[in-house]
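Fancy getting to know a structure by working through it? Grab a pencil and try these exercises before peeking at the solutions.

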Number of protein chains: 2
Amino acid sequence: MSKISEFVSKHHLQNVEELKELLRIPSISSLSEHKKDIEQAASWIATKLKNIGMEHVEIVQTKGHPIIYADWLHQENAPTVLVYGHYDVQPVDPIDLWETPPFEPDIRDEKIFARGATDDKGQTFLHIKAVETLLASDGKLPVNVKFCIEGEEEIGSPHLPKFLSENKEKLACDVVVISDSDMWERGVPAITYSLRGLCALEVSLKTANSDLHSGMFGGGVQNANHLLIQLLSSLHDENGKVKVEHFYDDVVELTELEKEQIKALGFDEEKLKKSLGLTELTGGENNIPYPEKISSRPTVEINGLWGGFQGEGTKTVIPNEAHAKITCRLVHNQNPEKIQGLIKKHLEEQAPKGCAVKVTLQDTGNPFLTPIDSPMMQKAAEAYEQVYGKTPVYKREGGSIPIVSDFNQVLHAPVVLMGFGLPDENLHAPNEHFNLENFDKGILTICSFLELI
Amino acid sequence: MSKISEFVSKHHLQNVEELKELLRIPSISSLSEHKKDIEQAASWIATKLKNIGMEHVEIVQTKGHPIIYADWLHQENAPTVLVYGHYDVQPVDPIDLWETPPFEPDIRDEKIFARGATDDKGQTFLHIKAVETLLASDGKLPVNVKFCIEGEEEIGSPHLPKFLSENKEKLACDVVVISDSDMWERGVPAITYSLRGLCALEVSLKTANSDLHSGMFGGGVQNANHLLIQLLSSLHDENGKVKVEHFYDDVVELTELEKEQIKALGFDEEKLKKSLGLTELTGGENNIPYPEKISSRPTVEINGLWGGFQGEGTKTVIPNEAHAKITCRLVHNQNPEKIQGLIKKHLEEQAPKGCAVKVTLQDTGNPFLTPIDSPMMQKAAEAYEQVYGKTPVYKREGGSIPIVSDFNQVLHAPVVLMGFGLPDENLHAPNEHFNLENFDKGILTICSFLELI
């Protein structure tokens, strides 16, 4: 490693300058006025990949923003690694809360501040630099490497699944590596081995053919708000358990070992309550520890609720419609479409007398889990240990990155999420930054991983 | 009557055009942006009263919207009638369900469609026209007449009681006549001898100090929507009875005779269901006949309900606030302030763990009852018989005109509620209208009443 390490140190300043170039491009995927910037960022990445020696570099057009593909496939008997990342970024508002402009990268306290610094230009760049380092040092890579870098992650990757399924052979690999997540804390690496999936529904309930006057009909004609409350009450029992039949059927319960591992990571309840302004945490299922609940248990959440009059003052109306928006976070082995169906069935069956209930199915996203003991996971852990001197923490994330499970299912390859961000780097918020101590270490960890597998 | 009748017929078109002018003014009392419209409506009414020959016309400013006073007092030995009405109207949402714009009066099928057409601009206007007709035909009125027309009825008449008690002498009268109620059905007049009172509250529930991401916190941190549903579920039991302690304590149960009278009026459940687009009527208390429930039983209705995301698509948010607007309809002998207090206490006591519940007390209005056999009631019945050829039905109304009981209590005069609306005229709802067949007949009935007493 010392040759590699020296090379990375020597090129540190130059590497940071190059990252700054990329960070200066305001490639916000959700805003159409940044279409040109998106193209410029894609082109910058493609040029960079060519310059470091990657081959078959392609800017693949989609119905949205382009995907960049590149490969280096000269190790016939070695495994193939597919690196996924994204070059698009979140919008920057509220702009006035940024200490320095979001697209003028600034280094303070050994951190580089800019939109995309950690999510995900900075972390994607580490892979490019790792490959460059290995190629420049040895003239070749220890394994085969493919890149697939998209520009629509921040808007839900609408075109990536189609690209994956239409390019299975081209993208075929033995492992997918993604760096778009966090370390546990400063100096302690982490591998996210599980993400929750999700599914969304909207329920609308209708009674009479118009709103009614509560003086004329109050006490006689049913109120849509009352019926919606009755209907939604049926979703959870008094212990916070979801009461939808078969909802938990496919949940793989945590083993005692896993529970102990989660417990060992520690949880500061007082600190959390203070930061949220709460005196008690009463969400979800009773009698399950908080860290398990938010990472390893499925949920049904009513994200939105409305019916009748919301204006100023009072209105003595009996509303004839009421609505709710529902999303579920789902765990490994649960099927989002199946759960959607169960909830729809439940809501239809529990529909109170005297109303029509309509359930609309919305988005779904698969949950993801790569077993900790899978070989690629262990190699990643070893790479971290070599560079950071610490065994990484294995963690389950409560959020969802739907395309992670798409890679897993379409390419039949394990996905390893090697994060180099820190939990307080303000992703999606003002003053996003990336800690430079994880810049060179990130490059070295990826180099190690490529050499180890 | 024939001279009067001819005069009314002859001026029908002109009278309707004048009503349209008034209906075009969007005098919504609950929305502060309509303050100028309220003033315009008040001024329109005052000018009209002057033009027909009423004297001492005054626009009395209050801390809210103005009250219009006018009188004609040239019959020394005759009784004095005080006419009460209101020129303010309800909000118009949901606006997209109106077939024609709410403030562009439209005549279809001999009905005039507009917000306020029946409640109460249309019905108040009948009294103005009756007085105009008598003055124009005879040069004088058969009795003394005073007008008191306010602009805050739809927000609970907050300033009228003070006006009444500070102007007892000025408003002194032998009978108060109000047309803000319904006939029994087409062709069958009705006198309302009882009205429900009301009280209003708003409940707000707060959890964390901001909305939270359901990926990071879902299943662990409480959701304000869930807690609001839990809280509001506690208001009714499974038989539709209000579960608030002492809620029914002061209710005077109907006698068997009253129940029989109500039953004798008949109730066509199938017709009602058809008109409302319902297959079942499931509102209110089980096992009490519908006509009793809507006229003689108190209620707790959730008029409005909201929390979290209501936009297009999905948002994986755990809302930190949720709200509900509640009103109760109350019956004779119940005290609105006492009931407000009971409900506030209930909501605070039932507050789920992990949230702060804030209950705001809003409007109240007393219930009302005038005995059927009182003399002024009998004169009104005679007037209806002369014009409609039918004895009016005596009914208990489920609605509230809180100030009715104030008039009764402050001025020590009987209140007679002569309604000219029909039960399906969509008051407080989209497509409010007034049947023009009761326009001329209404004017004539009021003329008869003034001549009879």
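Here come four exercises with worked solutions, all on a predicted model.

**Exercise 1.** Work out where A:Asn223 sits in chain A and whether this residue is buried or exposed.

*Solution.* Start with the chain: A:Asn223 is in the loop between helix H7 (214–217) and helix H8 (224–233) of chain A. Next, check the accessibility. The relative accessible area of A:Asn223 is 3%, and buried means under 20%, so A:Asn223 counts as buried. Now look at what surrounds A:Asn223. Leaving out residues up to four places away in sequence, it touches A:Ile318 and A:Pro319, plus B:Glu301 and B:Ile302 from chain B. Finally, zoom in on the side chain: one of its polar atoms is 2.8 Å from the backbone nitrogen of A:Asn225.

**Exercise 2.** Find the salt-bridge partner of A:Lys241 and say how far apart the two residues are along the chain.

*Solution.* The partner is A:Glu285, with the closest N and O atoms 2.8 Å apart. This pair links distant parts of the chain, 44 residues apart: A:Lys241 is in the loop between H8 and helix H9 (256–264), while A:Glu285 is in the loop between helix H10 (269–276) and helix H11 (290–296). Then compare accessibility: A:Lys241 is partly exposed at 31%, whereas A:Glu285 is buried at 3%. As a last step, put the pair in context: the whole structure has 47 salt bridges over all chains.

**Exercise 3.** Take two salt bridges in chain B, B:Glu132 with B:Lys129 and B:Lys325 with B:Glu202, and work out how each pair is placed in the sequence.

*Solution.* Begin with B:Glu132 and B:Lys129, whose side chains meet at 2.5 Å, N to O. Both are in helix H4 (residues 121–138), and because they're three residues apart, about one helical turn separates them. B:Lys129 is buried, at 0% relative accessible area. Now for B:Lys325 and B:Glu202, which meet at 2.9 Å, N to O. B:Lys325 belongs to strand E13 (residues 321–330) and B:Glu202 to strand E9 (residues 197–206), so this salt bridge ties together parts 123 residues apart in sequence. Both B:Lys325 and B:Glu202 are buried.

**Exercise 4.** Which residues have the most contacts inside the largest nonpolar core?

*Solution.* The core has 69 residues, and the ones to pick are A:Leu49, A:Met54, A:Phe147 and A:Phe449. Follow A:Met54 one step further: among the residues this one touches are A:Leu49, A:Trp72, A:Val131 and A:Phe147. As background, nonpolar side chains tend to be buried together in soluble globular proteins.

Terms used
Residues are numbered from 1 along each chain as its sequence is written. Chains are lettered from A and ligands numbered from 1 in the order in which they are written. This is a predicted model: local features need pLDDT of at least 70, side-chain atom pairs count only at pLDDT 80 or more; totals for chains, interfaces and linings use all residues. Side-chain values use heavy atoms; hydrogens and water are left out. Helices (H or I, at least four residues) and strands (E, at least two) are DSSP runs, numbered from the N terminus. Buried means under 20% relative accessible area, exposed over 50%, partly exposed in between (1.4 Å probe, protein chains only). A polar contact is a pair of N or O atoms within 3.5 Å; within protein, one must be able to donate a hydrogen and the other to accept it, and residues adjacent in sequence count only if both atoms are side-chain atoms. Contact means heavy atoms within 4.5 Å. A nonpolar core is a set of buried Ala, Val, Leu, Ile, Met, Phe, Trp, Tyr and Cys residues joined through side-chain atoms within 4.5 Å. A salt bridge is a side-chain nitrogen of Lys or Arg within 4 Å of a carboxyl oxygen of Asp or Glu.
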